[in-house]
Amino acid sequence: MTTTAQAASGNGSVLLEAQDLKKYFPVTRGILLSKVTGHIKAVDGVSFQLREGETLGIVGESGCGKTTTAKMVLMLERPTEGTIFFQGDDVYGGNEAQRKEYRSSVQAVFQDPWSSLNPRMRVKDIIAEPMVINWQLSRNEIQQRVMELLNNVGLNDYHSNLYPHEFSGGQRQRLAVARALSLNPKVIVLDEPVSALDVSIRAQIMNLLKDLQAEFGVSYILIAHHLATVRYMCHWVAVMYLGQIVELAPVKELFDNPLHPYTKALMSAALPSHPDTPQEEMILTGEVPSPLNPPEGCHFHTRCPMVMDHCAFDIPEVKEVTPGHFVSCHLY
């Protein structure tokens, strides 16, 4: 989905831009003489922009390609086609020094803080490790920086000598955020950052992330299932289905006026903010098609309650229905 109009509708400059990203995983048969029998189209032509100091949310069902998209942004997966531009430079077309600079500028906070922190390292070493690898700092400078980061995420100096198992889940996620901030990144990819936490702790972490964004001007890409989290955290929202973005809009516009039938179905499945809030009910039939053999035409037509005859063979164009609100659907 090309979103060039998004650049004209925000406040800050475009920091990161994905253009027609595709990631196909080969499916093989046999052990010794393996043969490629097809490709899983995990991401199939995704485009978006991320602006300075803003948050882009990516939502959709499990298996729609959200995490694979995040991995390509983090350079953990190389795109089959397409590219990513960071501050105007082609991430995958640069030299090793440019790629190292990009990796320092784009960090991640993962879903499970227990798995993402080395249980054999003290907190001060976990947070200091990126700085030791990438920067030439004295031991005192690194120690001072570690203490500043701990204070920034609401922890104390004495926590630096403890191990991850001595912290609660919410505190471990704060440590993960501190580590992600250690290199002064411009972008942080948040992959389900609060879904593994108790409900009482989620609001604290979300408020922390918003406060840090206001203080340091960092941009976020938020991968999430929980629509209330997306609504609270994000400036823009991209809705993915079967490897493609089917709708992209400012967060208020998307929640007030969802256009794509799949977006409406997601909204219908979410709990309302108040029991008396009227809510349109839309129940999808059937299962999500396999990304190994996605349907022709509109990928969503096999489950869409508003399907038309030509949806089965015509690929819908991306249209800007209102300023900044893009949708890929034959209804518009």
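Contact here means heavy atoms within 4.5 Å. The legends below describe close-up views of a predicted model.

**Figure 1. Helix 7 and helix 8 in contact.** From helix 7, the residues G170, Q173, R174, V177 and L181 meet I201, Q204, I205, L208, L209 and L212 of helix 8. Sorted by class, this contact of helix 7 with helix 8 comprises seven nonpolar, three polar and one charged residues. The axes of helix 7 and helix 8 (residues 199-216) come within 10 Å and cross at roughly 15°. At that angle, helix 7 is roughly parallel to helix 8. The crossing of the two helices is right-handed.

**Figure 2. Packing of helix 5 and helix 7.** The axes of helix 5 and helix 7 (residues 169-181) lie 7 Å apart, and the packing angle is about 30°. Helix 5 and helix 7 are therefore roughly parallel to each other. Helix 5 contributes V123, I126, I127 and P130 to the contact, and helix 7 contributes L175, A178 and R179. These residues of helix 5 and helix 7 include six that are nonpolar and one that is charged, with no polar residue. Helix 5 passes helix 7 in a crossing that is right-handed.

**Figure 3. The crossing of helix 5 and helix 6.** Helix 5 (residues 123-134) and helix 6 (residues 139-152) have axes that come within 10 Å and cross at roughly 115°. The handedness of this crossing, in which helix 5 passes helix 6, is right-handed. On the side of helix 5, V123, K124, I127, A128, M131 and V132 take part in the contact; on the side of helix 6, I142, R145, V146, L149 and L150 do so. Nine nonpolar and two charged residues make up the contact of helix 5 with helix 6, and no polar residue is present in it.

**Figure 4. The open sheet of four strands.** The strands of this sheet follow the order 2-1-4-5, and their pairing is antiparallel. Strand 2 (35-51) and strand 5 (89-90) are the edge strands, each pairing on one side only. Strand 1 (residues 14-29) runs antiparallel to strand 2, and 13 bridges join these two strands. Within this pairing, E17 stands opposite Q49 of strand 2.

**Figure 5. The open sheet of eight strands.** In this sheet the strand order is 6-7-8-3-9-10-12-11, and the pairing is mixed. Strand 6 (106-109) and strand 11 stand at the edges with a single partner strand each, so one side of each is left without a neighbour in the sheet. On average, neighbouring strands of this sheet are turned by 20° against each other, direction ignored. Strand 3 (residues 55-59) and strand 9 (residues 236-241) run parallel and are joined by four bridges. V59 stands opposite V239 in strand 9.

**Figure 6. Helices against strands.** Helix 11 packs on the sheet and touches strand 3, strand 9 and strand 10 (244-250). The direction of helix 11 makes about 105° with that of strand 9. Helix 7 lies across strand 6 and strand 7 (187-191). Relative to strand 6, helix 7 runs at about 175°.

**Figure 7. The hairpin of strand 11 and strand 12.** Strand 11 and strand 12 (residues 325-328) pair in the antiparallel sense over four bridges. E320 stands opposite F326 in strand 12. Two residues lie between the strands of this hairpin, and G324 takes a positive phi near 85°.

**Figure 8. The aromatic pair of Y262 and F300.** The structure holds four aromatic pairs. One of them, formed by Y262 and F300, is edge-to-face, with 5.5 Å centre to centre and 65° between the planes. Y262 lies in helix 11 (residues 261-269), whereas F300 lies in the loop between helix 11 and strand 11 (318-322), so the pair ties together parts that are 38 residues apart in sequence.

Notes
Residues are numbered from 1 along each chain as its sequence is written. This is a predicted model: local features need pLDDT of at least 70, side-chain atom pairs count only at pLDDT 80 or more; totals for chains, interfaces and linings use all residues. Side-chain values use heavy atoms; hydrogens and water are left out. Axes are lines fitted to C-alpha atoms, for helices over the stretch in contact, and angles run from 0 to 180 degrees between N-to-C directions. A crossing is left-handed if the near helix is turned anticlockwise from the far one by less than a right angle, and right-handed if clockwise. Ala, Val, Leu, Ile, Met, Phe, Trp, Tyr, Cys and Pro count as nonpolar, Asp, Glu, Lys and Arg as charged, and the others, Gly among them, as polar. Angles under 35 degrees count as roughly parallel, over 145 as roughly antiparallel, 65 to 115 as roughly perpendicular and the rest as oblique. Two strands pair if DSSP finds at least two bridges between them. Rings of Phe, Tyr and Trp (its six-membered ring) pair if their centres lie within 6.5 Å; planes under 30 degrees apart count as stacked, over 60 as edge-to-face and the rest as tilted.
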